[in-house]
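Colleague: I would like to learn how to read a model like this one, feature by feature. Could you take me through it?

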Amino acid sequence: MSLVRSNPPDVPPLPDGPGALVDNRQSDKAAEICRGVMRVLAQHGLTGLIEVTLANGRRADVMALSDKGSLWIIEIKSSVTDFQVDQKWPDYRDYCDALFFAVATDFPQEILPEDTGLIVADRFGGEILRQAPEHRLAPARRKALTLHYARLAAARLSSAFDPHARFEPLPRE
């Protein structure tokens, strides 16, 4: 399946400016991969949150929650240099049931660790090419992470509804 698509004129640009859900820290390419990842997750019955801070201080690019309570972390890599320089991804394993990399179609997939899942995505969607091995979280950690996920999602939704409201930072696990 080819993910290379033309950009039809009726496709809106990625969000930008006040109230945007993309925080502009990532490159345009990473934001486009992220958009596709969110669409892939929805197709597989998962909900996703972008930029989730974990108890160890690391920030997951995307955290996803399934209807059965499974937690995934998706690490987006927009270039080979991004992958080579940022080696924090092993620190995410203790905070998910499954760890994935998400890359664009032109990324050399053979350099990614085989003990992780693989999603190939662009701004229009994507595909899970390799399922991640599952390593189930301990019940106490799962409860803490699920609660953190729910509170973060609720705070973001509340902020979208009332951008001038102040929400206290969420406590870590």
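Modeller: Start with a charged pair. Asp97 and Arg142 are both buried. This is a predicted model, and the values that follow are computed from it.

Colleague: How do the side chains of Asp97 and Arg142 meet?

Modeller: They meet in a salt bridge, 2.7 Å from N to O. Next, ask where the two ends sit in the chain. Asp97 is in the loop between α2 and β4, while Arg142 belongs to helix α3. The partners are 45 residues apart, and the pair links distant parts of the chain.

Colleague: With which other side chain does Asp97 meet in a salt bridge?

Modeller: With Arg136, at 3.8 Å from N to O. Arg136 lies in the loop between β6 (125-130) and α3 (139-161), and Asp97 in the loop between α2 (80-85) and β4 (98-103), so this pair ties together parts 39 residues apart in sequence. Check burial for each partner separately. Asp97 has a relative accessible area of 0% and is buried. Arg136 is partly exposed, at 49%.

Colleague: Which residue touches Asp97, Arg136 and Arg142?

Modeller: Ser70 does. Leaving out residues up to four places away in sequence, Ser70 touches Ala64, Leu65, Asp97, Glu134, Arg136 and Arg142. Ser70 is placed in the loop between β2 and β3. With a relative accessibility of 10%, Ser70 counts as buried.

Colleague: How many salt bridges does a search of the whole structure find?

Modeller: The search finds 11. Look for chains of linked pairs as well as single ones. Glu75, Lys77, Asp82, Asp86 and Lys88 are linked in a salt-bridge network. Take one pair from it: Lys77 and Glu75 form a salt bridge, with their closest N and O atoms 2.9 Å apart.

Colleague: Are Lys77 and Glu75 buried or exposed?

Modeller: Lys77 is buried, with 0% relative accessible area. Glu75 also counts as buried, at 2%.

Colleague: Now the strands. How do β1 and β2 pair?

Modeller: For any strand pair, read the direction, then the register, then the turn. β1 and β2 are antiparallel, over 6 bridges. For the register, Val52 has Ala60 in β2 as its bridge partner. For the turn, the two strands form a hairpin with 5 residues between them, and Gly57 there has a positive phi of about 90°.

Colleague: How many bridges join β2 to β3?

Modeller: There are 4 bridges between β2 and strand β3 (residues 71-76), and the strands run antiparallel. Leu65 stands opposite Leu71 in β3. The β2 and β3 hairpin has 5 residues between its strands, and Gly69 takes a positive phi near 90°. Strand β2 itself (residues 59-65) is mostly covered, with 6 of its 7 residues buried.

Colleague: Which residue has a positive phi although it is not a glycine?

Modeller: Glu51, with a phi of about 55°. Then place the residue in its element. Glu51 is found in strand β1 (residues 47-53). Glu51 is buried, at 15% relative accessible area.

Colleague: On to the interior. Which residues have the most contacts inside the largest nonpolar core?

Modeller: Leu54, Met63, Ile73 and Leu112, in a core of 24 residues. Then ask which elements supply it. β1, β2, β3, β4, β5 (117-122) and α3 each give two or more residues to this core. Apart from it lies another core of 21 residues, among them Cys34, Leu41, Ala104 and Ile119.

Colleague: What does Met63 touch?

Modeller: Beyond four places away in sequence, its contacts include Val52, Leu54, Leu71, Ile73, Tyr95, Leu145 and Tyr149.

Colleague: Last, a helix. How far does α1 reach from its first C-alpha to its last?

Modeller: Compare the span with the expected one. Helix α1 (residues 28-43) has 16 residues and reaches 23 Å, close to the 22 Å expected at 1.5 Å a residue. Then look at the sides. An α-helix has 3.6 residues a turn, so residues three or four places apart point the same way. The buried residues of α1 include Ala30, Ile33, Cys34, Val37, Val40 and Leu41.

Colleague: What do the buried residues of α1 pack against?

Modeller: They pack against β1, β2, β3, β4, β5 and β6. Finish with what follows the helix. After α1 comes Gly45, with a positive phi near 80°.

Definitions and conventions:
Residues are numbered from 1 along each chain as its sequence is written. This is a predicted model: local features need pLDDT of at least 70, side-chain atom pairs count only at pLDDT 80 or more; totals for chains, interfaces and linings use all residues. Side-chain values use heavy atoms; hydrogens and water are left out. A salt bridge is a side-chain nitrogen of Lys or Arg within 4 Å of a carboxyl oxygen of Asp or Glu. Buried means under 20% relative accessible area, exposed over 50%, partly exposed in between (1.4 Å probe, protein chains only). Two strands pair if DSSP finds at least two bridges between them. Contact means heavy atoms within 4.5 Å. A nonpolar core is a set of buried Ala, Val, Leu, Ile, Met, Phe, Trp, Tyr and Cys residues joined through side-chain atoms within 4.5 Å. The expected span of a helix is 1.5 Å times one less than its number of residues.
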